[in-house]
Amino acid sequence: MELCHWWRHIVVFLLNAWIPSCFAQTTPPARTSPTPTPQTAEGPEILKFRLSGFPRKHNEGRIEVFYKGEWGTICDDDFSLANAHVLCRQLGFVSATGWTHSAKYGKGTGKIWLDNVQCSGSERSVSVCKSRGWGNSDCTHDEDAGVICKDERLPGYVDSNVIEVQVDENKVEEVRLRPVFTLATKRMPVTEGVVEVRNKEGWAQICDNGWTPKNSRVVCGMMGFPHEKKVNKNFYKHLRKRSAEPKAKVKVTVARQEPKTKAITKTSSKPKPGKSAAATRLYAERQKNHFLVHSVTCLGTEVHLAACPLEFNYGNETESCPGGMPAVVSCVPGPLYTQSTAMRKKLKASTIRLKGGAKFGEGRVEVLKGSEWGTICDDRWNLLSASVVCRELGFGSAKEALTGARMGQGLGPIHMNEVQCTGHERSFWNCRYKNITAEDCKHTEDASVRCNVPYMGYEKTVRILGGRSRYEGRVEVLQTEPNGTLRWGLICGEGWGTEEAMVVCRQLGLGYANHGLQETWYWDSSNVTEMVMSGVKCTGDEMSLSHCQHHRTVSCQKAAARFSAGVICSETASDLVLNAPLVQQTTYIEDRPLHMLYCAAEEDCLSKTAAKANWPYGHRRLLRFSSQIHNIGRADFRPKAGRHSWVWHACHGHYHSMDIFTHYDLMTANGTKVAEGHKASFCLEDSDCEEGVSKRYECANFGEQGITVGCWDLYRHDIDCQWIDITDVKPGNYILQVVINPNYEVAESDFTNNAMKCNCKYDGHRIWLHNCHIGDAFSEEAEKKFEKYPGQLNNQIS
């Protein structure tokens with residue numbers, strides 16, 4: 001018995017010693033990159049990947065690897081589609097569709113990191129594939145390999161924010177502003193507070209000795225603000241002085257490992273009357289005495305504080321900020337994040353804008369030159385230039401400077417090339433650039449940006465549940481009851497559509513709205529709640545669903561959960577635009593006999609007075625033109641309705657996949673319609689495509705309908721319903737307007753370019769069109785002149 005008792009003590013001792021060590025060894029360290037990292041003798045090496053070269057699209061290019069602090073290429077020896085599959089997945093795409101050899105996208109520079117790579121295709125990282133080893137190659141850059149990835153993102157993939165400077169990520173991972181005042185924590189965005197940096201041990205402060213406005217500018221840029229402002233240091237010094245000898249003993253517990261954990265303050269007695277909570281809190285901050293950084297020297301153009309020269313505290317220094325205090329920064333919010341009407345008007349009059357992005361602060365960069373908007377070429381496009389754009393628009397510094405039309409292709413002119421900014425410019429036009437020539441760039445090289453934007457916390461007030469993935473589900477909103485309590489609840493599906501879904505998807509950071517659903521009976525309903533909101537009506541531009549109109553009290557005829565609102569979001573979307581010059585070139589008048597218009601009448605393509613005509617005698621006067629509709633987005637345009645619900649029209653012998661695809665209107669200068677037409681989608685198909693793009697949709701034999709990215713659907717002037725019936729229109733000056741996808745049946749990345757307008761003069765016998773343009777292609781001033789004087793003095797076209 002004594003022997004057994006003795007052995008029991010030994011086992012307990014060994015277990016107590018062994019179990020904690022196991023947990024200490026097996027707990028994985030926190031990482032900032034999702035990329036698998038090969039082990040080296042010095043420790044884990046973080047790999048990054050990118051596509052480079054030209055000419056190319058955003059999902060293809062020369063493959064480059066960031067290893068040991070340097071970008072390099074991969075040789076094409078033994079390269080295969082299996083290698084491309086692995087690399088495309090590491091770039092965030094679902095798979096590869098091809099690969100290239102012999103430096104098709106141009107020769108790279110620097111190291112050739114890998115050679116004779118042989119993957120099976122299932123590896124999670126190219127680093128585990130067979131090769132000659134890192135840096136061991138007998139190739140030249142004439143043999144640089146490239147990949148062509150399928151233009152479909154992995155679910156939940158977030159584009160990496162590659163900062164093009166060498167950063168020691170083990171020292172500074174994140175930066176935040178923590179407000180000193182209790183009330184300020186409830187206001188969004190947080191514009192003033194103590195600067196805190198996070199490293200592997202937790203959150204810490206920066207000593208304000210030697211702190212400069214340039215440092216503040218960098219911090220504000222990271223927080224999504226365009227400018228910094230002077231902090232009232234006397235106020236903070238006064239608080240510090242008042243809190244220097246507190247009556248109450250303050251005990252502070254700091255949770256180092258949890259980034260969101262606040263300091264827990266316990267007091268043995270209440271603070272002295274008159275002593276502010278802010279003073280007490282600032283004293284508590286000072287008592288922590290945990291200053292990770294005691295010197296920062298920024299130039300003011302950096303996009304991250306980690307890119308500035310930093311001096312860190314090491315060892316057990318007791319006085320790491322002599323005579324100083326935690327650095328405090330105050331920022332100026334941009335027009336979108338302030339209540340100032342004057343600032344919003346100033347932004348509206350800007351000569352720069354972002355188009356095609358799913359979120360605020362991202363998109364294709366367009367500039368106004370003369371009276372016409374145009375894009376900029378991505379040659380030499382970098383974070384310095386992108387940051388000037390972001391700050392001018394009221395956002396912070398740039399997170400990403402994107403090339404290769406990553407936010408879709410623009411239209412019209414390309415105004416600038418090889419833009420080079422210093423980062424200090426107040427206007428993008430103050431940067432150096434070259435004027436464009438026809439040979440320099442194409443719209444496949446349009447530059448775009450992702451800016452740092454202020455954190456607003458909007459994603460906390462809405463969620464989607466019940467769907468098959470995180471990109472779809474019933475919409476639930478968080479509402480505050482009159483008694484102050486919070487609850488989750490459903491939204492009535494009546495009137496819910498694409499515009500409302502756009503707001504929800506943007507609010508949750510899930511990209512574009514693919515569908516806005518009025519019925520959600522086919523999703524899991526095990527945890528549904530009651531309806532708390534109805535009558536929601538959005539324009540599609542709101543930051544939050546709470547900014548949209550809705551009923552004060554719930555009023556829903558179908559209040560069951562199956563009729564609640566739902567959304568399906570997508571990281572990419574289509575974008576349709578009309579070829580405006582072609583409309584102007586192909587317009588003419590035809591007097592068509594009634595006996596040739598029976599099918600058109602059946603499809604409601606004639607004006608109402610046609611029903612009173614003496615059929616089959618007489619004729620109708622038709623304004624005819626061709627429509628060439630391009631998809632310049634990042635996803636195919638597909639009809640909302642499935643094939644099972646398409647409508648067969650025997651008269652014309654085809655299926656209609658959409659009720660209304662385009663509206664054709666002839667209007668007076670004040671917007672009054674004098675004639676109108678509509679076009680059900682005769683059949684959406686790829687009539688032709690850009691070089692290197694294959695057709696995917698064809699109407700013949702009940703084929704799939706749609707318009708592929710990089711392709712267009714052509715409706716010639718000589719087919720039925722490709723007209724406006726102007727039989728009853730009197731001579732005069734008018735505006736011809738064509739609107740694609742007018743009812744927002746199918747989601748797009750940009751609806752502002754769906755309308756096209758032309759000046760129109762009709763003398764009763766002949767018709768002239770001029771100034772045909774996409775709705776948002778002109779400046780606001782030029783658009784006003786266009787609408788004020790739609791006609792011309794004579795029949796001569798200038």
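## The second largest cavity

Two nonpolar, five polar and three charged residues make up the lining of the second largest cavity. The model is a predicted one, and the cavity in question has a volume of about 50 Å³. Rolling a probe the size of a water molecule over the atoms shows where empty space is left. In this structure there are three cavities of 30 Å³ or more.

The residues that line the second largest cavity are Arg217, Gly300, Thr301, Glu302, Leu384, Ser387, Val388, Arg391, Ser397 and Gly423. Which helix gives the most to this lining? Helix α7, residues 383–392, does so with four residues. An α-helix has 3.6 residues a turn, so residues three or four places apart point the same way.

## The chain as a whole

The chain has 798 residues, and 50% of them count as buried. Its secondary structure comes to eleven helices and 44 strands. Among contacts in the chain with a separation of 6 or more, 71% are between residues 24 or more positions apart.

## Helix α2

Helix α2 spans residues 81–90 and is mostly covered, with seven of its ten residues buried. The buried residues of α2 are Ala82, Asn83, Ala84, Val86, Leu87, Cys88 and Gln90. What lies over them includes the strands β3 (48–52), β4 (60–67), β5 (70–74), β6 (96–100) and β8 (146–149). Just after α2 comes glycine 92, which takes a positive phi of about 100°.

## The five-stranded sheet

Strands of a sheet pair through backbone hydrogen bonds, either parallel or antiparallel. One open sheet has five strands in the order β38-β37-β42-β43-β44, and its pairing is antiparallel. At its edges are β38 (673–679) and β44 (767–774), each of which pairs on one side only. From one strand to the next the twist averages 20°.

Within this sheet, β42 (residues 732–740) pairs with β43 (residues 755–762) in the antiparallel sense over eight bridges. Asparagine 733 has lysine 761 of β43 as its bridge partner. Between β43 and β44, which also run antiparallel, there are six bridges. Here the partner of lysine 761 is tryptophan 768 in β44. Lysine 761 is therefore bridged to asparagine 733 and to tryptophan 768, and is one of the buried residues of β43.

## Burial of β43 and its flanking turns

Is β43 enclosed or open to the outside? Eight of its eight residues are buried, so β43 is largely enclosed by the rest of the structure. In a regular strand the side chains alternate between the two faces of the sheet. In β43, Ala755, Lys757, Asn759 and Lys761 point one way, while Met756, Cys758, Cys760 and Tyr762 point the other way, and all are buried.

The loop between β42 and β43 holds asparagine 741. Its phi is near 50°, a positive value in a residue other than glycine. Asparagine 741 has a relative accessible area of 1% and is buried, the cut-off being under 20%. On the other side of β43, the hairpin with β44 has four residues between the strands, and glycine 764 there takes a positive phi near 95°.

## The four-stranded sheet

Another open sheet is formed by four strands in the order β31-β34-β40-β39, with antiparallel pairing. Why is one side of β31 and of β39 left without a neighbour in the sheet? Strands β31 (576–578) and β39 (688–689) stand at the edges and have a single partner strand each, so one side of each has no neighbour in the sheet.

Strand β39 is joined by two bridges to β40 (residues 711–715), and the two run antiparallel. In this pairing, cysteine 689 has cysteine 711 of β40 as its bridge partner.

## Backbone details in two loops

Cysteine 721 is found in the loop between β40 and β41 (723–725). Phi of cysteine 721 is near 70°, which is positive in a residue other than glycine. With 1% relative accessibility, cysteine 721 counts as buried.

Where is proline 616 found? Proline 616 is in the loop between α10 (598–602) and β33 (619–624). The peptide bond that leads to it from tryptophan 615 is cis, with omega near 0°.

Methods
Residues numbered from 1 in each chain as written. Predicted model: local features only at pLDDT ≥ 70, side-chain atom pairs only at ≥ 80, totals over all residues. Heavy atoms only, no water. Pairing = 2+ DSSP bridges. Axes fitted to C-alpha atoms, helices over the stretch in contact; angles between N-to-C directions. 1 Å grid on protein atoms, 1.4 Å probe; cavity = no way out; pocket = protein on both sides within 12 Å on 5 of 7 lines; lining within 4 Å. Points joined across faces, edges and corners; volume = space filled by probe spheres on them. Nonpolar A, V, L, I, M, F, W, Y, C, P; charged D, E, K, R; others polar. Buried < 20%, exposed > 50% of the residue type's maximum accessible area, 1.4 Å probe, protein only. Contact = heavy atoms within 4.5 Å.
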